[in-house]
Structure formats: C-alpha cells, structure tokens
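Below is a set of questions and answers for a reader who is meeting this structure for the first time. Each answer works towards the value or name that its question asks for.

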Amino acid sequence: MKADVIIIGGGLQGLSTALHLGRRGVKSIVLEKESPGRHASGVNAGGLRQLNRHMAEIPLTVEAARMWKNIRELVDGDCDVVLRGQVRVAESDVQLKKLQARVDMLRAQGYEHEQIIDQETLYRLVPRLVEGCVGALYNPDDGSARPFHAATAFRHKAIALGAEIRSGVEVLGIEEGGDGWRVETSQGSFTAANVANCAGAWANRFASMLGEPVPLKPQAPTLMVTERLPHFLDLTVGAEGYQLSFKQMQNGTVIIGGAHLAKLDFEQEKSVIDFATLKTSAQTVTRFFPHMAQVRIVRTWAGIEGFMADGIPVIGKSAKAAGIFHAFGFSAHGFQLSPVVGRIMSELILDGKTDLPIEPFDIRRFQKTE
Ligand SMILES: Cc1cc2nc3c(=O)[nH]c(=O)nc-3n(C[C@H](O)[C@H](O)[C@H](O)COP(=O)(O)OP(=O)(O)OC[C@H]3O[C@@H](n4cnc5c(N)ncnc54)[C@H](O)[C@@H]3O)c2cc1C
C-alpha cells in the first residue's frame, strides 16, 4: 500500500499532522496499533495551559492558544473548550518575586500572555482558596478542553480531508526502500516518501531504529476526579513549588492532576495506581482548598506518556534519515500544543521548513553529548 505520508501513531499529534496535511491537499495514512486517542491523547486532563511553560515552548504555546480559541475553524467542533483562566499561586513574597522575574523576562521578549495579580485580585478570582496566599501568576486565556472529544474531532476532520486511519495496525519496522520508506506492520507493508514518527511513549523505538536514540522515559501520570460539587471555581489552579493542577468542570466534578505517577509496566501497557503518591496529591489539594477535605474521590486513572530528560519534546526532521520527521516526548503537556504541532509537521514535510522557532526541539540536542 502506497501513501504520500505515513504517520505512526493515532494520538493527537499524529491526527493533527494528518489534518494539516489534508488542509494542504496531501493524503496520509495514520497507522495506530490500538485505536486513535487510546493513550495519552484520550485520557489526559485536557488542560490548555500557556502559563509557566519552558521558555522554548512559548512561541508554540501562544500560537496553539490562538488555534484553540478558534478550534471550530480547524475541526468543525468546539472540543468543549472553556477558557476561564489559570493561576499559579504564590504562598510567599519570595515565590511571587520569582514569578515576577519570569513575567519581566517574557515582557523583554515581547510576550504579554502572563501577568502577576495581587492578593485582592487572586481572592476575587479564587474565593475558596486558603487564606494567606500573596498573589499569583495569571493567564486569563488558559482553560481546558475535553480530551476524547478533541481526539474524535481531530480524527473526523482528518478523515474528511482525505486521511486514512488504520486502527489495530502495529508498526514493526522502517526500512529505506527503492522509492522512499517501507514500513512493516502487523498487517503488511506500506510505502511512502515521508514518515512521521508520532508514536508517543513508544517513539524511541523508531528513533533508535534510525540510529538516533533519545532519552525518552515512558511514565504514567495519574488523575483523580471527585464527586459533583456545587460550583465554586472557574479557573484552573496550580501552585508554585507544588505538583498541582486543579479545576472544576461544568458538571461540578473536580479534576486533580499534577503529574503524580502510577507504577507502570510499559511492556504490558499496564499501570497500577500508587496510593502513597495520590495521598501527596490530596494533601496538596487540601493545603490550598481546605473545604475539599471531606470530598469523595470517585475515580482515578493513569495514562502512558513519554517524558524527555530535559522536559521538552522532540519536534523536527530526523538528523539521520531524509523523509523522516519526529514529534514526540511531550512530557505531560502536549495536549495544548497539538494543533500547532500538526501544522509544524505538515510544513516540515511539505515545505522543508516552518516559520516557528523549533531549534530547541531538534533531536540533535542529544547526539551532541554522546
Ligand atoms: C494523565 C495525563 C494527563 C495529562 N494532562 C495534560 C494536560 O492537562 N494538558 C496537556 O497539554 N497535556 C497533558 N498531558 C499530555 C498529553 O496528553 C500528551 O502530551 C499528548 O496527548 C501526546 O500526544 P501523542 O499523540 O504524542 O501521544 P499518544 O496520545 O500517546 O499517541 C501515540 C500513539 O502511538 C501509538 N503507537 C505507538 N507505537 C505504535 C506502533 N508501533 N504502531 C502503531 N501505533 C503505535 C499508540 O498506540 C498511541 O495511540 C497529559 C498526559 C497524561 C497521561
């Protein structure tokens, strides 16, 4: 079977790449070993966070935020996007100064999306927050979407634009063939001039085959969801110095994350919730929201995600093989970036370049130290 582009992985990065290629009139085949959105892309916290990102990700996250704001134009659906803002709370003046220094650095580079809010504004925005916090880092345009709805909308739009999505097809190997790349799978071989490696936590398998292994560690971040509560919170809340992501959904439940890890058996693709870790997560919640102490947790789950040693993804051309492109290692914050990652991948594949600054995500950053 022949295609213009083969995409390994039907998570959001693969689906977004297929969608953007389709917008340019190029048909792709997405090969997914299970079903699209089955892994990180379908089970994440749905956080659309620009706040407190690694500096290298700022241009991408700002562009992605613009795309989420107008998501209907891209995927014909709203993905349940709600943009009510996000705060990163400071408990002390020292912490607030650190956050102010970040805002100053961003301003110096021309970015206005993060700001400091004082104590009074913080308590107006988050009235149930424990007393004594001094202020926060704030972005009024952050928010959330519903991950499975987003994965479904991206998939439907990619198909409408000509992509073919093959579920239950596991890629086993990639080899250079006469007229491009031959991709061996559990369902026969496929050929294409270009291959996009969007295999999430499994992507190092393919980078290694091409002679460019990376320090990617599969891990299983955990989420908890509470029973439904009367409305008390509009914003997403994080806290300086703590692993916390805390938001109340429209149905009243509260989703609690912060990259607390479950125990993962990667070979078996099984994770077991670590209740000691969840206790730490719950203690952080009750530190900032004491009224949550008696609230019931109704469900916990974990998803498998690829974490890079330096916390930022690999996005770009292979350094070893022409026609191979990578987008993986999103280290628990790739949901927000997915609309722009697909755009970048399609531009790299079709134009050989993108106007977004992706040098920090180059796979060669690991080869230099070998
Ligand atoms: C619990 C949790 C909470 C998170 N919360 C947030 C959040 O609030 N905000 C945010 O921005 N990000 C969040 N993330 C991160 C985000 O979900 C991921 O960064 C993003 O979904 C990665 O997308 P992906 O397409 O690279 O990976 P995936 O969704 O994992 O997709 C990769 C796909 O490749 C397939 N695949 C692998 N190997 C093969 C093969 N050999 N053949 C065929 N197919 C293959 C897999 O089956 C998988 O479907 C969270 C992640 C988790 C786990």
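Q: Which residue with a positive phi follows helix 10?
A: The model is predicted, and in it helix 10 covers residues 338-351. Just after this helix comes a residue whose phi is positive, near 80°, and that residue is G352.

Q: How far apart are the end C-alpha atoms of helix 10, and why does this agree with its number of residues?
A: The expected span is 1.5 Å times one less than the number of residues, so the 14 residues of helix 10 should span 20 Å. The distance between the end C-alpha atoms agrees with this expectation, being 19 Å.

Q: How many residues of helix 10 are buried?
A: A residue counts as buried when its relative accessible area is under 20%. In helix 10 the buried residues include P339, V340, I344 and L348, and charged side chains are represented as well, with R343 and E347 among the buried residues. Helix 10 is largely enclosed by the rest of the structure, because the buried residues number 12 of the 14.

Q: How many of the residues of helix 3 are buried?
A: Helix 3 runs over residues 58-69, and its end C-alpha atoms are 16 Å apart, which agrees with the 16 Å that its 12 residues should span. Among its buried residues are I58, L60, E63, A65 and W68. Helix 3 is thus mostly covered, and the number of its 12 residues that are buried is nine.

Q: Which helix gives the largest share of the lining of the second largest cavity?
A: The second largest cavity has a volume of about 50 Å³, and its lining divides into four nonpolar, two polar and three charged residues. Among the residues of this lining are L48, A65, W68, K69 and Q336. The largest share, three residues, comes from helix 3.

Q: What is the volume of the largest cavity?
A: A search of the whole structure finds two cavities of 30 Å³ or more. The lining of the largest cavity has three nonpolar, six polar and three charged residues, with R84, D234 and K247 among the lining residues. Strand 7 (143-144) and strand 14 (245-248) each supply at least two residues of this lining, and the volume of the largest cavity is about 110 Å³.

Q: Which element gives the most residues to the lining of the second largest pocket?
A: About 280 Å³ of space lies in this pocket, and of its 17 lining residues, the closest to its centre are R146, M249, I255, R299 and W301. The elements that give two or more residues to the lining are helix 2 (40-43), helix 7 (147-160) and strand 17 (297-302). At least three lining residues come from each of domain 1 and domain 3. The element that gives the most, with three residues, is helix 7.

Q: Is E269 buried, partly exposed or exposed?
A: E269 is found in the loop between strand 15 (254-265) and strand 16 (270-272), and its phi is positive, about 55°, although it is not a glycine. Its relative accessible area is 25%, and because buried means under 20% and exposed means over 50%, E269 is partly exposed.

Q: What is the phi of D76?
A: D76 lies in the loop between helix 4 (71-75) and strand 4 (86-90). This residue is not a glycine, yet its phi has a positive value, near 65°.

Methods. Residues numbered from 1 in each chain as written. Predicted model: local features only at pLDDT ≥ 70, side-chain atom pairs only at ≥ 80, totals over all residues. Heavy atoms only, no water. Helix = DSSP H or I, 4+ residues; strand = E, 2+ residues; numbered from the N terminus. Buried < 20%, exposed > 50% of the residue type's maximum accessible area, 1.4 Å probe, protein only. 1 Å grid on protein atoms, 1.4 Å probe; cavity = no way out; pocket = protein on both sides within 12 Å on 5 of 7 lines; lining within 4 Å. Points joined across faces, edges and corners; volume = space filled by probe spheres on them. Domains from an automatic or database assignment.
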